[in-house]
Structure formats: structure tokens, C-alpha cells
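This report describes the fold of one protein chain, from its overall form down to individual residues. The sequence and the structure are shown first.

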Amino acid sequence: MDCTTELRLEHGMMMKIFSALLRLCSGSGPAEAESHGRLEKVMDFLRTYVDQCHHAKEEEIFFPAIREAGLIKLDGLVRELMSEHHAGRGMVQEMEKALGQLRESEASAKVFSEVASRYVTLFRQHIRKENGILFPAANEKLSAEIQQRVLHGFRKIDRDKMGEDRRTAFHHLAEGLEKAL
Ligand SMILES: [Fe+2]
Ligand SMILES: [Fe+2]
């Protein structure tokens, strides 16, 4: 497997969770008990699977490898993607805060839904740019040796930040919510 195949697979899981997040915000809304429990799990996914693992793989390993391979023309795009990761982390914090206040404040449900909607719009576009522009260019330029090093770095991040059992559980969560909602 090359490194972009792994990142694309993770994008697929993220897309499932994004759709689930939007569906949980519509209908009975995030204040309803069952939705609330599911949203806690979705937030764990966004914090751990997306920010601590997937985005860390891109920021610490994959983007530097692209620079190392001499893809200077992609520098502007990589900077844009990095700033979107940063914005996404801020939105996750806003959603967590709103979710924590749901029981005391009705306005929090509205805040949560509004931030969730902005987050999903941003990251659907973000993933389209990575899948459609960045990954094809990287696949052309990254040598087999760099690919191996990148994959090795990905394994270390998975091990340190998540572990195989949690990774499997997050994939089950994404697939389960897709079926249930
Ligand atoms: Fe990214
Ligand atoms: Fe990504």
C-alpha cells in the first residue's frame, strides 16, 4: 500500500462520520439523549482519529516528504491545508464546549449545529483538494524509499496516539453510524 492509499482510506471514514454528524444535528437535534451519546463518540473520533492521528500524519510526515521530494509548486496548497487543520482544531473545541453546555443552555444546541455544519463544509472541500490535487502529484514524485519512510512514520503515529484496537473501533463507529442514521 502506498501512503496516499492509507490517507484516502481515512478520508473515507471521515466522510462517513461527517454525514452522521450532520444527521445527528438535524431531526431531533443534539440535545436528545441518544443523539448526545453518539455525538460524544463522534467528538472522540474528531479529536483522536482526525486531529491526533490523520492530521498529525499529514503535518509531521506526509507534507514534509512532499517538500523533500521537491514539489515546490505545492507549497502554497500545503500551507492552505495546514491552516485548515488549525481552523478545524478550533472548531472541534467550540463544538466540545457547546456539547458540554447542552443541558444548561438551549442556545448551545444551535451553536453546536452551526459550527458542525461549517466544519463539515470545510473538511469536505479540504479532502477533495487532498484527494484530487495533492495525492496524485505526490504519487508521481515520491520515491519508493520516501514512501517506505512515510509509511513507517504513519505506523508510529498510529501506535503512539491510538493503537490498533481503537483504530478498529473507530472504523466500526463510522460504519455503524452510516447504517443506523
Ligand atoms: Fe489534511
Ligand atoms: Fe487528509
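The text below covers the overall architecture, the helices, the nonpolar cores and three selected residues.

## Basis of the description

The model is predicted: local features need pLDDT of at least 70 and side-chain atom pairs count only at pLDDT 80 or more, whereas totals for chains, interfaces and linings use all residues. Residues are numbered from 1 along each chain as its sequence is written, while chains are lettered from A and ligands numbered from 1 in the order in which they are written.

## Overall architecture

The protein contains six helices and zero strands, in the order α-α-α-α-α-α along the sequence. Helices (H or I, at least four residues) and strands (E, at least two) are DSSP runs, numbered from the N terminus. The radius of gyration is 17 Å, close to the 16 Å that the globule rule gives for 181 residues, so the protein is as compact as a globular protein of that length. This radius is taken over C-alpha atoms, and the globule rule is 2.2 Å times the number of residues to the power 0.38. The C-alpha trace spans about 55 × 35 × 25 Å along its principal axes.

Of the 181 residues, 29% count as buried. A residue is buried if 20 or more other C-beta atoms lie within 10 Å of its own, exposed if 12 or fewer, and partly exposed in between, with C-beta atoms placed from the backbone. Two residues are in contact if their C-beta atoms, placed from the backbone, lie within 7 Å. Among contacts between residues at least 6 apart in sequence, 81% join residues at least 24 apart.

## Helix geometry

The expected span of a helix is 1.5 Å times one less than its number of residues. Three helices are set out against this rule in the table.

| Helix | Number of residues | Expected span | Distance between end C-alpha atoms |
|---|---|---|---|
| H3 | 26 residues | 38 Å | 38 Å |
| H5 (144-161) | 18 residues | 26 Å | 26 Å |
| H6 (164-180) | 17 residues | 24 Å | 24 Å |

Just after H5, Gly 163 takes a positive phi of about 85 degrees.

In H6, the buried residues are Phe 170, Leu 173, Ala 174 and Leu 177. Seen down the axis of H6, these buried residues fall within an arc of 90 degrees, so they line one face of the helix; the arc is that of the directions from the helix axis to the C-beta atoms. The other side of H6 has exposed residues, namely Glu 164, Asp 165, Thr 168, His 172, Glu 175, Lys 179 and Ala 180. The cover over the buried residues of H6 includes helix H1 (3-25) and helix H2 (33-68).

H3 has Leu 81, Met 95, Ala 98 and Leu 99 as its buried residues, and these pack against H2 and H4.

## Nonpolar cores

A nonpolar core is a set of buried Ala, Val, Leu, Ile, Met, Phe, Trp, Tyr and Cys residues joined through C-beta atoms within 7 Å. The largest such core has 29 residues, of which Ile 17, Leu 21, Val 42, Phe 45, Phe 112 and Ala 116 touch the most other members. The elements that give two or more residues to this core are H1, H2, helix H3 (75-100), helix H4 (107-141) and H6. H1 gives the most, with eight residues. Leaving aside neighbours within four places in sequence, Val 42 is in contact with Ile 17, Ala 20, Leu 21 and Leu 24.

A second, separate core of eleven residues includes Cys 3, Leu 7, Phe 62 and Val 150.

## Selected residues

Cys 3 lies in helix H1 and counts as buried, with 25 C-beta neighbours inside 10 Å. Not counting residues up to four places away in sequence, Cys 3 touches Phe 62, Gln 147, Val 150, Leu 151 and Phe 154. Cys 3 and Phe 62 are 59 residues apart along the chain, and their C-alpha atoms are separated by 8.2 Å.

Thr 48, in helix H2, has 16 C-beta neighbours inside 10 Å and counts as partly exposed. Beyond residues up to four places away in sequence, Thr 48 touches Cys 53 and Met 162.

Asp 158, in helix H5, is partly exposed, with 17 other C-beta atoms within 10 Å. With residues up to four places away in sequence again not counted, Asp 158 touches Cys 53 and Arg 167.
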